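Colleague: I would like a close look at a single part of this model, the surroundings of the ligand. Please take me through them slowly, as I am new to this.

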Amino acid sequence: MAPVFSSPQLFYPSLPLSRRPRWPRMDSSVPHHRTDQSKTKLIVLMGATGSGKSRLSIDLAGHFPHSQIVNSDKMQLFNGLDITTNKIPIHERKGVPHFLLGEFDSIEADVAASQFRSVAGTTIADIASRGNLPLLVGGSNTFIHALLVETFDPEEDVFAESGSASPVLRYDCCFVWVDMAWSVLSEYLGKRVDEMLDSGMFEELAQFYDPTKAGVMVGLRKAIGVPEFDAYFRKFPPWESPENGVVPDKDSDPIRREAYEEAVKEIKDNTYRLAKRQIGKILRLKEAGWDLTRLDATATFQALMEKKKRQPSSSPSAAAELEWRWIWEREVVEPSVKIVKRFLEE
Ligand code: ATP
């Protein structure tokens, strides 16, 4: 497969040179993996927000029927704000069991990395003890790191400038990293925010809004969308309607509309920042010796956005739908299946 961009600089123009990727080619070939029979086998799907990890996890589960998914997205651990945090909807899970997805009820306290290590560690052990295959899926790299390293020190920030992650892991891991050109990911992320708003994110956040908690930044209140719209709702509070519950308003005057657009812009900017930080952390883990295989989803997402441009309605043509799915299958799903198959046979 020909690389879409010849220089890593085009992928990560905003990252400092020292953090830019060093791979010589797209890693779609099946890598050699050293296995350790004494450790639990774990598939780890990594990638920035919006890169298609959840979709890939379900596609992989179709090829490995005993797969069970363990969430490692910090915000998706909590119960609530399903649209805002982008939880995979139940109908898209295709019956594949998911763990730690919306299981934390306390939305007003942070989950510590050591707590995640303990809870996710028990979940993975349970899945494996029943003869199933655990797939860790989510974008929180500090949690992924805390869970996977053989020895975890909660006091140490391995992602700080002077820090470094240990390459010694407590599982036998097969890492798949879904990535794409930054220009494509950023365009997609902006469109995804618009789609989330069309799906009811604004209304969901109005329901969640609590004037006594606005400005409090713990737990689910850190989710992108909450602080940005808290500021909006403080100025333009949603109102209670006996028939419709909490109703937010963004259109009744131009000042509101402008403030709404400003909040949406902040959400988009914060999403881009999150994705950049996540990619930066993944690169740090790769540099530290984690055996990550990078798959390039650029062409898929280009086709997906092309489809949306040609067919902005919710009923895309069958041909356009087929086209991007076909590219996704060829460029991401098939190589991942090969990688996992080989890993499981070792
Ligand atoms: P950090 O140390 O910065 O918290 P991390 O790797 O532990 O990084 P990330 O998953 O990168 O965790 O999340 C960092 C922040 O990004 C969260 O605190 C939250 O503000 C936002 N965020 C992450 N995931 C989501 C999500 N699914 N929905 C909304 N916001 C999110």
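Modeller: What follows goes from the whole chain to the ligand, and then to the loop beside one of its contacts.

The model is predicted. The protein has 10 helices and eight strands. Of its 346 residues, 51% count as buried. The protein exposes about 16300 Å², and carbon and sulfur atoms supply 52% of that area. Among contacts between residues at least 6 apart in sequence, 79% join residues at least 24 apart.

Now the ligand. It is surrounded by 16 residues. The closest are Lys 74, Thr 142, Lys 222, Ile 224 and Lys 281. By type, the residues of this shell divide into seven polar, five charged and four nonpolar.

Where does the ligand lie with respect to domain 1 and domain 2? Domain 1 is made of residues 26–181 and 290–345, while domain 2 covers 187–272. Both domains give residues to the shell, so the ligand lies between them.

The shell can also be sorted by helix. Helix H4 (141–148) and helix H8 (254–287) each supply at least two of its residues. H8 gives the most, with four residues.

Three polar contacts to the ligand can be picked out. The side chain of Lys 74 has an N or O atom 2.5 Å from an oxygen atom of the ligand. At Thr 85, a backbone N or O atom is 3.1 Å from a nitrogen atom of the ligand. At Asn 141, a polar backbone atom is 3.1 Å from an oxygen atom of the ligand. Taken alone, the ligand exposes 600 Å², and the protein buries 82% of that.

Thr 85 is a good place to go on from. This residue lies in the loop between E2 and E3. Strand E2 spans 67–71 and strand E3 spans 98–99. Is Thr 85 buried or exposed? Its relative accessible area is 9%, and a residue counts as buried under 20%, so Thr 85 is buried. Not counting residues up to four places away in sequence, Thr 85 touches Met 75, Gln 76, Gly 80, Leu 220 and Ala 223. Two of these, Leu 220 and Ala 223, have numbers that fall inside the range 187–272 of domain 2.

The side chain of Thr 85 has a polar contact as well: one of its polar atoms lies 2.8 Å from the backbone oxygen of Leu 81. Thr 85 therefore takes part in two of the contacts described here, one through its backbone to the ligand and one through its side chain to Leu 81, which are both within the 3.5 Å cut-off for a polar contact.

Leu 81 is in the loop between E2 and E3 too. Leu 81 is buried, at a relative accessible area of 6%. Its phi is near 50°, a positive value in a residue other than glycine. Most residues other than glycine have a negative phi. Asn 86 is another case: its phi is positive, about 65°, although Asn 86 is not a glycine. Asn 86 also has its place in the loop between E2 and E3, but at 29% relative accessibility it counts as partly exposed.

Gln 76, one of the residues that Thr 85 touches, is found in this loop as well. At 9% relative accessibility, Gln 76 counts as buried. Leaving aside neighbours within four places in sequence, Gln 76 is in contact with Asn 71, Thr 85, Asn 86, Lys 87, Leu 100, Leu 101 and Gly 102. Thr 85 and Asn 86, both described above, are among them.

E2 and E3, the strands on either side of the loop, also help to cover helix H2. In H2, residues 53–63, the buried residues are Lys 53, Leu 56, Ser 57, Ile 58, Asp 59, Leu 60 and Ala 61. What covers them includes E1, E2, E3, strand E4 (133–137), strand E5 (172–179) and helix H10 (318–345).

To sum up the part you asked about: the ligand lies between domain 1 and domain 2, and 16 residues surround it. Thr 85, in the loop between E2 and E3, has a backbone atom 3.1 Å from a nitrogen atom of the ligand.

How values were computed: Residues numbered from 1 in each chain as written. Predicted model: local features only at pLDDT ≥ 70, side-chain atom pairs only at ≥ 80, totals over all residues. Heavy atoms only, no water. Near = heavy atom within 4 Å. Polar contact = N/O pair within 3.5 Å; in protein donor to acceptor, adjacent residues only side chain to side chain. Areas by Shrake-Rupley, 256 points an atom, 1.4 Å probe, with all protein chains shown as cover. Nonpolar A, V, L, I, M, F, W, Y, C, P; charged D, E, K, R; others polar. Domains from an automatic or database assignment. Buried < 20%, exposed > 50% of the residue type's maximum accessible area, 1.4 Å probe, protein only. Contact = heavy atoms within 4.5 Å.
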